Every structure is written in C-alpha cells, then in structure tokens.
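Visitor: Please choose one part of this model and go through it closely, with the cut-offs behind each term.

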Amino acid sequence: MLDFFTIFSKGGLVLWCFQGVRGPAATAPVNALIRSVLLQERGGNNSFTHEALTLKYKLDNQFELVFVVGFQKILTLTYVDKLIDDVHKEFRDKYRNEFQQKGALGLLNGTFDFKDDFMRLLRDAEESSKVRAPTVMKTFEQSLKSQKTVKCMIETRGEKPKEKVKNKKNKGSKKDGTEAVAAPSKASVGDKQLSAAGEKEELTKDEILQKNREEFFRRHMKAGEKSRSPKPDAQKEKGKKPRVWDLGNSNAKVLDYSNSATNGSAETCPVEEFDPDMALGDKNREPGRLYDLEYESDDEAEEEKVVQNPSKPSVKKGGLGGMFGMLKGLVGSKSLTRGDMDPVLEKMKDHLIAKNVAAEIAVQLCESVAKKLEGKVMGTFTTVTSTVKQALQEALVQILQPQRRVDVLRDVMDAQRHRRPYVITFCGVNGVGKSTNLAKISFWLIENGFSVLIAACDTFRAGAVEQLRTHTRRLNALHPPESHGGRTMVQLYEKGYGKDAAGIAMEAISYGMCGAGGGGCCPGHCRPLRCLPAAPARNQGFDVVLVDTAGRMQDNAPLMTALAKLIAVNAPDLVLFVGEALVGNEAVDQLVKFNKALADHSMAQTPRLIDGIVLTKFDTIDDKVGAAISMTYITSKPIVFVGTGQTYCDLRSLNAKAVVAALMKA
C-alpha cells in the first residue's frame, strides 16, 4: 500500500498530492530526496531510501515536473514503476495545454483535480500485478534430458564419447598438440596390443591404465638421463645468514618511549640542521593562506575550432541545402530523446573512466545526466554534444560542492571560545601520506597562530614515531618559540610502539601543557619545563590536537575495529579520510568499507562516520583527477585539503571548477 504520491514542479510548487495511509506527512522524505539527490545531481538511480520509506521518482524535463511515490521499504510492490509511468503520461496529457499556454502562471493559478484519475490508474496497476501469472517450471517432456535415449548414454569399450572428442578438438593447448603428433605411434602400438589380445586374457581397465603409466615414466626417465649434465663438484653453502645492520638493535626495549625521562627531552631530540627554503618552497606566498588549486584550461580554444570546422564544409557541399540542414540541426525545435543522447553519453562515460573516475560512478553520472535532459527542448544553435557536455560539467561541479562545507579555522576558534582543544583524527589505508599531510596541516595551523599537539597513535609501523618527531623538530625550527612569545607551537605526544592507540589518543587530549608545579617535560622537541601532572589540555591552551593513526586495509576487521574504538572513545571533532589521487575503482571500495566498518563497530546509536577527505599526491596525476569525483560522489563529504607536493606549503583547497576543467579536457 502506498504512503503518498506527490507531483511538484522543480521550483518547489506542489501541484497535487495523495496521502495513502495515516502517518507523518510526505514533507520530510521529499525534502530529503531534493537535498540528497536532485540538488546533488545524483539521479542515476530512480530509487531513494529515507528512514523506513522507499521513494521512487520520475522527472519530466519538458515541463519541469517531478513525480514521487513513497511506500514502506519492507514491502515489495511490483506495480510502482508502472504506476508512476502511467500517472506521468496521464497528468501530462491532461494538463499539457495549460502548461504550454500559461507557463509558470498556469502552475501558480491552475487547479489540478487528479484524484479520480489517480485512483483509476492505481486500481489498474494493482490488478495488472495480480493478473500476471507466476512462472511455471518446465515439465520433463519439455527439457533436453527427455530427448536423450538410453542408447546414446551407453559407452562401448574402445569408443570415445562424441562430446569429449569435440572438446579436445576445440582445445588449442600445447598438450593437445603433442598428443596429435604422437597419434601415429600410438595407433601402431594399439594394433600390436590388439593382435596380442587374442592370445592372452583381456586386461581390465585399471590394468591398462597402470601399464600405460609405467610405459610413460620409463620413456621419460630414459630421456632425462641422456639430457642430464654432470653437477659441478663445488657445492653452494646451504641456508642464508642474517644481515647485521650497523645501527641495528634487536632489543625491543629501545623502541619503548613510555619513560617520562626520555619522552620528548631535549637531549634525545637534538636540533636538526636543514635548509628552510627547501621545506617552505614558494617564498612569495602569503603566510597562513590556503591557496586554491589552479588549472589552465584550453577548452574555449578547442570549442572554437570544433564549431568553426564543421560549418565550412557544410556550406561548400550542399549550398543552400547544406545551410538549411545545418540550421535544422542547430535550431532548438526538438526535445531530446534517449536515442539522441546515448552515443554522446557512451563517449562521455569512456572519457570519465579514462580520467580515473570509478566505472560504477561514471555510469551513474551519465544516467543522471540522461534523466535530467530527457524530454528537454534544446536551445537555439546548440548541438546534442554541447548540451550533454554542459549538463555533465554542471553535475560534476555540483558534486564537488557538497552540502556541508568544513571550515577548520572557524571551528578551531569556536572550540577556543569553549576552552577546549579541537581534535582531528586522520585515517586511511597504508602509504597514502597520512603523516606527511598531517605535518603540512600542522604548519598551516601554526601559521594561523594556533598551537598544535601531535598524538603519535601509529604504534605499528616501524619508524612512524621517528617520522613525526622529525617533522616536529623541523616545524619548531621554522617557528621557534622566540617568534611566538616563548610559546612552543608544535609538540609531540608519544608512547612508543605496541601500545593501545585509543588510550594514547585519550592521554594526548588530556595531556598537561606547561604550567607551574610538578616535574617532567613537555612532549616532542621542546625545552625541559615544569608541568602540572595530569592537567587537562583544554585548561592549558592547546588549540588543536592532531591524531595520527596506523594505515590499515579496509578488509582488515581487527584493525577497523580498533579504529572504530579510537573514534568512539575520543569523539574527535573532525574525522578525515586520507586517500591518494592515484586510485580509481579502489577509492569507492575504500570509502564504502571504512564507513561501513565505523558504523558496524560503533556502539553508539548514531555512529560517527567520515567527515571529510584529504586528497594526496595530486601533483602526480596530471589531468587524471577522477578520484576526486569518485570520493565525493560516494560519501557526499567535502575534500577539505589537497596535497600537491613535498614541502610544508604544498597544501591547497579544492577548486571545483579547476578539477572539472581538467576532467573534461580531451
């Protein structure tokens, strides 16, 4: 049974509505459909799920109408597709003249009495689903097995089945070739065996197989002895000796940094000398500014060439006829059909896949564009290709600008007003650049005047703690405490390897910064200072806590459980998924399974999922920027940062138009 059926314009004006059962109004699910699907250009699938309801919709692009039907998702209603098509056709035909003559005024002032027609179409659709006979299994007489006789199933000795002979003829393997060469010799051997069979008793099938095996091994043993060469007298030493590294140490206690006497002391973290210009890159940059991605597009010049070239030969070939033919193809007097768009969409789909867009996402994008344009009247002097390309570009820009925009600086200042640190957790698969881009984000935050505490929660990968310690030293060298009123801008909280990552993150968030009383020292590379024991970070002035986690594959259940525990226990303000721009179809699998694991392993009623994306290695892909489309399409989350190089300044914000320009470049 239907919950509701509504017809409204794309401008938001409800023309007619049917409420099937008593319950909540259709406003909330329809608004969710508009926000999540129609406005986000995700119309590749005509079905949408909102809480306990399933919504199916159909677009009328000629009159800018939307038809939506809603029913309980636990029900299987086979007649819904037929009903929505019939209602669409009936409603268009009934009020076509009113739409065409009055236009928008017809929608505002029109009265649409459609209840009787709808109830008739609903009864017809329900009856048609009941009349449809269920599928009946074939009888034995209708099957192929009944055509076989007992005689064709009997195998006589010495004869090969026909099917096996055909299969062997079709095979082109090397083994069949050798058997074909050896066929004459086998035939002669068979004749001798048949002649001797009259004098001796007939052998059984197992005895014949055993005899053939012995003959086969005997022949090959003789051939092997002839081709075997004598072994050299000198024999190599068996086994391998383990390599001993000059700086190696087999003692695991050396890797444990839990001791407060060595954790972050100045003696164990000497100042590293390096060239600041190499770490900063561009000298003319504005400190603290996050620049947009830049891309120079040649699309305008290419479009001019494409428009000019076809016009010249058409005039020469046909004279007036060619000119009128060209005008007929350009003037917008025709509505687009699926047949007109299919060749163009097929080329667009192949182009998107070649640009590293996931194949599934490319298909859904083209399907969404087709539904958006089907039935729409083309503009004057426009072609099908240009219309489809323009619609695809608009859809891609809309996808790269999701509903919620993450403004990290604004959120950090809001956390400062509440006297607490702003916590960001980084997660992702192995080798995508989590630690490197964490250091870039730390540098950007420091240049905006915020102090940063880095929590080394990657307790698995060898060298992870040392890598963060090196970044901490370099960042402190670029921004020494003297330049910030004696305040150390970046510090490292580390507990070594093999520890619980969730516990380290919790301790880092509540770790005491510099204060009076008590003994100890600050983590990371800083001067030995007196600190308050167990003083919370929010009372000591930390602005941001960046939590680095170990890389993990999306299929590793134990590690995904540990990540869900870390996020659930510490409740970070922002969860960023770090993904590289080199992936294609894998991006969809990674994000879907990361979100699914966080939802499955979380004990909360509303589990915490990924809030944003950090896209790394963007400088290595040229114009194959499809991973950005795949990631934002599958999660509806924004790309917050883009890593574009090896220096601390190589961090950008996403420019949707620049990415789309690179994506559409031929």
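Guide: Start where Val423 stands opposite Val545 in strand 9. This is a predicted model, in which local features need pLDDT of at least 70 and side-chain atom pairs count only at pLDDT 80 or more, while totals for chains, interfaces and linings use all residues. Residues are numbered from 1 along each chain as its sequence is written, and side-chain values use heavy atoms, with hydrogens and water left out.

Strand 9 covers residues 544-549. Strands (E, at least two residues) and helices (H or I, at least four) are DSSP runs numbered from the N terminus. Two strands pair if DSSP finds at least two bridges between them. Strand 6 (residues 422-427) pairs with strand 9 in the parallel sense over five bridges. Strand 7 (residues 452-457) also runs parallel to strand 9, and six bridges join the two. Within that second pairing, Ala456 has Asp548 as its bridge partner.

The strand is mostly covered, with six of its six residues buried; buried means under 20% relative accessible area, exposed over 50%, and partly exposed in between (1.4 Å probe, protein chains only). In a regular strand the side chains alternate between the two faces of the sheet. Here Val544, Leu546 and Asp548 point one way, Val545, Val547 and Thr549 point the other way, and all are buried.

In the partner strand 7, which spans 452-457, Cys457 counts as buried because its relative accessibility is 2%. A disulfide is taken as a pair of cysteine sulfur atoms within 2.5 Å, and by this rule the count is zero.

Further along the chain, helix 20 (residues 557-570) packs against helix 21 (residues 585-600) at an angle of about 65 degrees, with the axes 9 Å apart. Those axes are lines fitted to C-alpha atoms over the stretch in contact, and angles run from 0 to 180 degrees between N-to-C directions. The contact (heavy atoms within 4.5 Å) is made by Met560, Leu563, Ala564 and Ile567 of helix 20 and by Lys593, Phe594, Ala597 and Leu598 of helix 21. These contact residues divide into seven nonpolar, no polar and one charged. Ala, Val, Leu, Ile, Met, Phe, Trp, Tyr, Cys and Pro count as nonpolar, Asp, Glu, Lys and Arg as charged, and the others, Gly among them, as polar.
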